[in-house]
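Visitor: I have a structure in front of me and would like to learn how to read it. Could we go through some of its features one at a time?

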Amino acid sequence: MASFKIILFTSKTLSTGEHPVMLQVIINRKRKMSSAGISASPDEWNKTLGRYIPKTPKQKHKNRMLAALEERAEEHIISCQKDNLPITFQGVFEAALQKSTSKSVFELYDEIIDELDVKKKRGSYSVYKNSKN
């Protein structure tokens, strides 16, 4: 069984005096948290809803971002349950927070070249292939 919620982590105070907003995931009674990349002060945060209060600057944008984060986490958990795959902390965090690994320019070029080769776009393929070398 897995669950998650968005919390204001008041145990840590950032240099701005705010606290980080965290995604808390609970799997088999074990809890892990990861930062959502945004912060808030306690007077800007609705603890029961896990959202910013209406008086907060850009609260609509921030609340939409948190709703999207929750939706991606829920989709990942449902997908794992449907496919009988184990639900892991890392999988939920990667899906919800969309943490991507950076690629080198050459790796990106190789991806583009492979796509163009599959699509049989020879003109663009040769341009990318020659510019890489």
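Guide: What follows goes through a pocket, helix packing, backbone angles and burial. Keep in mind that this is a predicted model.

Visitor: Let us begin with empty space. How much space lies in the largest pocket?

Guide: The general idea is this. Rolling a probe the size of a water molecule over the atoms shows where empty space is left. In this model, the largest pocket holds about 160 Å³ of space.

Visitor: Which residues line the largest pocket?

Guide: The lining is made up of I6, I7, L8, T10, P42, W45 and K47. Strand β1, which covers residues 2–8, gives the most to this lining, with 3 residues.

Visitor: How many residues of each class are in the lining of the largest pocket?

Guide: The lining has 5 nonpolar residues, 1 polar and 1 charged.

Visitor: Where is P42, and is P42 buried or exposed?

Guide: P42 is found in the loop between β3 and β4, the latter being residues 45–46. Its relative accessibility is 47%, so P42 counts as partly exposed; the cut-offs are under 20% for buried and over 50% for exposed. P42 also lines the largest pocket. As for distance, P42 and I87 are 45 residues apart in sequence, and their C-alpha atoms are 32 Å apart in space.

Visitor: Now the helices. At what angle do helix α1 and helix α2 pack?

Guide: Two packed helices are described by the angle between their axes and the distance between the axes. Here helix α1 (residues 59–82) and helix α2 (residues 89–97) pack at about 140 degrees, with their axes 7 Å apart. That angle makes α1 oblique to α2. The crossing in which α1 passes α2 is right-handed.

Visitor: What can be said of α3 and helix α4?

Guide: The axes of α3 and helix α4 (residues 122–132) cross at roughly 160 degrees and come within 9 Å. Angles over 145 degrees count as roughly antiparallel, and α3 is therefore roughly antiparallel to α4. In this case α3 passes α4 in a left-handed crossing.

Visitor: Which residue in α3 could serve as an example?

Guide: Take E115, which lies in helix α3, residues 105–118. E115 is partly exposed, with a relative accessible area of 43%. Between E115 and N46 there are 46 Å in space, C-alpha to C-alpha, and the two are 69 residues apart in sequence.

Visitor: Next, backbone angles. What is the phi of N28?

Guide: Most residues other than glycine have a negative phi, and most peptide bonds are trans. N28 is not a glycine, yet its phi is positive, about 50 degrees. N28 sits in the loop between β2 (19–27) and β3 (30–40). With a relative accessible area of 58%, N28 is exposed.

Visitor: And what is the phi of N84?

Guide: N84 is a residue other than glycine with a positive phi, near 55 degrees. The place of N84 is in the loop between α1 and α2. N84 is exposed, its relative accessible area being 70%.

Visitor: That leaves burial. Is V25 buried or exposed?

Guide: V25 has a relative accessible area of 0%, so V25 is buried. V25 is found in strand β2. Along the chain V25 and K5 are 20 residues apart, while 6.7 Å separates their C-alpha atoms.

Visitor: Where is T56, and is T56 buried or exposed?

Guide: T56 is found in the loop between β5 (51–52) and α1. Its relative accessibility is 5%, so T56 counts as buried. The C-alpha atoms of T56 and W45 are separated by 8.5 Å, and the two residues are 11 apart along the chain. W45 was named above among the residues that line the largest pocket.

Definitions and conventions: Residues numbered from 1 in each chain as written. Predicted model: local features only at pLDDT ≥ 70, side-chain atom pairs only at ≥ 80, totals over all residues. Heavy atoms only, no water. Helix = DSSP H or I, 4+ residues; strand = E, 2+ residues; numbered from the N terminus. Buried < 20%, exposed > 50% of the residue type's maximum accessible area, 1.4 Å probe, protein only. 1 Å grid on protein atoms, 1.4 Å probe; cavity = no way out; pocket = protein on both sides within 12 Å on 5 of 7 lines; lining within 4 Å. Points joined across faces, edges and corners; volume = space filled by probe spheres on them. Nonpolar A, V, L, I, M, F, W, Y, C, P; charged D, E, K, R; others polar. Axes fitted to C-alpha atoms, helices over the stretch in contact; angles between N-to-C directions. Parallel < 35°, antiparallel > 145°, perpendicular 65-115°, else oblique. Left-handed = near helix turned anticlockwise from the far one by under 90°.
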